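Colleague: Before we discuss the details, could you put the sequence and the model on the screen, so that we can take the questions one at a time?

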Amino acid sequence: MATLRLGDTAPNFTAVTSEGTLNFYEYLGDSWGILFSHPADFTPVCTTELGTAAKFKDEFDKRNVKMMALSVDGAASHMEWIKDINETQHTEVNFPIIADVERKVSDLYDMIHPNADDTLTVRSVFIIDPDKKIRLMLTYPASTGRNFYELLRVIDSLQLTSKYKVATPADWKNGEKVVVSPAIPTEEAKKIFTKGVEEIKPYLRLTPDPTA
Ligand code: BEZ
C-alpha cells in the first residue's frame, strides 16, 4: 500500500455499506466527496459525530459534497447503531456507512494506525474533488471528535481557490477577504480583482471575496 498524499487520485473501491453495496466513484458521480472513518459502532464520540454529519447534510448538499462514513463493524451492527444515532442525536443518518469488516478500504486509505490502535480505524477525513483528486487529509485520535464546521470551511476554501487565483487566510470564513495568489504581481492583481486590492506587504495582498 502506497502512502496517499494530497493531489493523488483517491482509490476507488466497492464496499458493503448501510445503504447496500456501493462503488465509491459511482456514488460520488461528479460531486465532491468526504470519506471519513470512525473507530467503532456504539461508541459515544462516534455517535455524536455521525449525528452531527447527518445534521450538516443540507450544508454539504449546497456545496455538492457527498458523504460516506466507515467503520470496521458489519452492516447489521451499523443498522442497529443508526437507530441509536437517530434517537439520541435527534436526526436521521442520511449517508452510507461502509461496513469494512475485512479492512479493505481502511487499508487502501491507511486509516488504521497500529501504534494508536492495531485494529480500529483512527478518525481520518479525506476530501475528494470531482476529478477524484485528494484535496485534504485530516487525522484525529479516537478521543477527539471532529469539527464539522471546519470541514465545511475547508470545502468553501477549496471550492473558491479552485476557481479564483486566491488563497484563504487563517480562520477565514466564507465571505471574508481573501489573499491574492503570490504568483500574481500587484498591478496585474488590480486588473483581475476589480473590487480592489489592499497591499499590506508586496507578498501580502487582500481582496474581497470575488464571489460575494
Ligand atoms: C468514541 O467514539 O467515543 C471512542 C471510540 C474509540 C475509542 C475512544 C472513544
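**From a loop residue to the ligand**

Colleague: In which loop does Ser31 lie?
Modeller: Ser31 lies between a helix and a strand, helices (H or I, at least four residues) and strands (E, at least two) being DSSP runs numbered from the N terminus. This is a predicted model, in which local features need pLDDT of at least 70 and side-chain atom pairs count only at pLDDT 80 or more, whereas totals for chains, interfaces and linings use all residues. Residues are numbered from 1 along each chain as its sequence is written, and side-chain values use heavy atoms, with hydrogens and water left out. The loop that holds Ser31 is the one between α1 (24–28) and β3 (32–37).

Colleague: Does Ser31 count as buried or exposed, and what does its side chain contact?
Modeller: Buried means under 20% relative accessible area and exposed over 50%, with partly exposed in between (1.4 Å probe, protein chains only). Ser31 has 9% relative accessibility and therefore counts as buried. Its side chain makes a polar contact at 3.2 Å (N or O atoms within 3.5 Å; within protein, one must be able to donate a hydrogen and the other to accept it, and residues adjacent in sequence count only if both atoms are side-chain atoms). The partner is the side chain of Asn64.

Colleague: How do the side chains alternate along β1, and how many residues lie between β1 and β2 in their hairpin?
Modeller: In β1 (residues 14–17), Ala15 and Thr17 point to one face and are buried, while Thr14 and Val16 point to the other and are not. Strand β2 (residues 20–23) runs antiparallel to β1 and is joined to it by four bridges, where pairing requires that DSSP finds at least two bridges. Thr17 stands opposite Gly20 of β2. The number of residues between the two strands of this hairpin is two.

Colleague: Which residues of β6 are buried on each side, and how many residues lie between β6 and β7?
Modeller: Six of the six residues of β6 (123–128) are buried, with Arg123, Val125 and Ile127 on one side and Ser124, Phe126 and Ile128 on the other. β6 pairs antiparallel with β3 over four bridges, Phe126 being the bridge partner of Leu35. With β7, the antiparallel pairing runs over six bridges, and Val125 stands opposite Leu138. In the turn of the β6–β7 hairpin Lys132 has a positive phi of about 70°, and the number of residues between the strands is five.

Colleague: Which residues surround the ligand, and how much of the ligand's area does the protein bury?
Modeller: The ligand is surrounded (a heavy atom within 4 Å) by Pro39, Thr43, Pro44, Val45, Cys46, Arg123 and Ala142. Oxygen atoms of the ligand are 3.0 Å from a side-chain N or O atom of Thr43, 3.2 Å from a polar backbone atom of Pro44 and 3.0 Å from a polar side-chain atom of Arg123. Of the 260 Å² that the ligand exposes when taken alone, the share buried by the protein is 74%.

Colleague: Which helix gives the largest share of the shell around the ligand?
Modeller: In α2, the buried residues are Cys46, Thr47, Glu49, Leu50, Gly51, Ala53 and Ala54. Its twelve residues should span 16 Å (1.5 Å times one less than the number of residues), which agrees with the 17 Å between its end C-alpha atoms. The largest share of the shell is three residues, and these come from helix α2 (residues 44–55).

Colleague: Which residue caps the N-terminal end of α6?
Modeller: α6 (148–163) follows a loop from β7 (134–140), and its 16 residues reach 23 Å, close to the 22 Å expected. In the loop, Asn147 is partly exposed, with a relative accessible area of 41%, and is 9.2 Å from Thr52, C-alpha to C-alpha, although 95 residues separate them in sequence. A side-chain oxygen lies 2.9 Å from the backbone nitrogen of Tyr149, and the capping residue that provides this oxygen is Asn147.

Colleague: Which strands stand at the edges of the open sheet that contains β8 to β11?
Modeller: Four strands form this sheet in the order β8-β9-β11-β10, with antiparallel pairing. Two of them have a single partner strand each, so one side of each is left without a neighbour in the sheet: β8 (166–167) and β10 (198–201).

How values were computed:
Areas by Shrake-Rupley, 256 points an atom, 1.4 Å probe, with all protein chains shown as cover.
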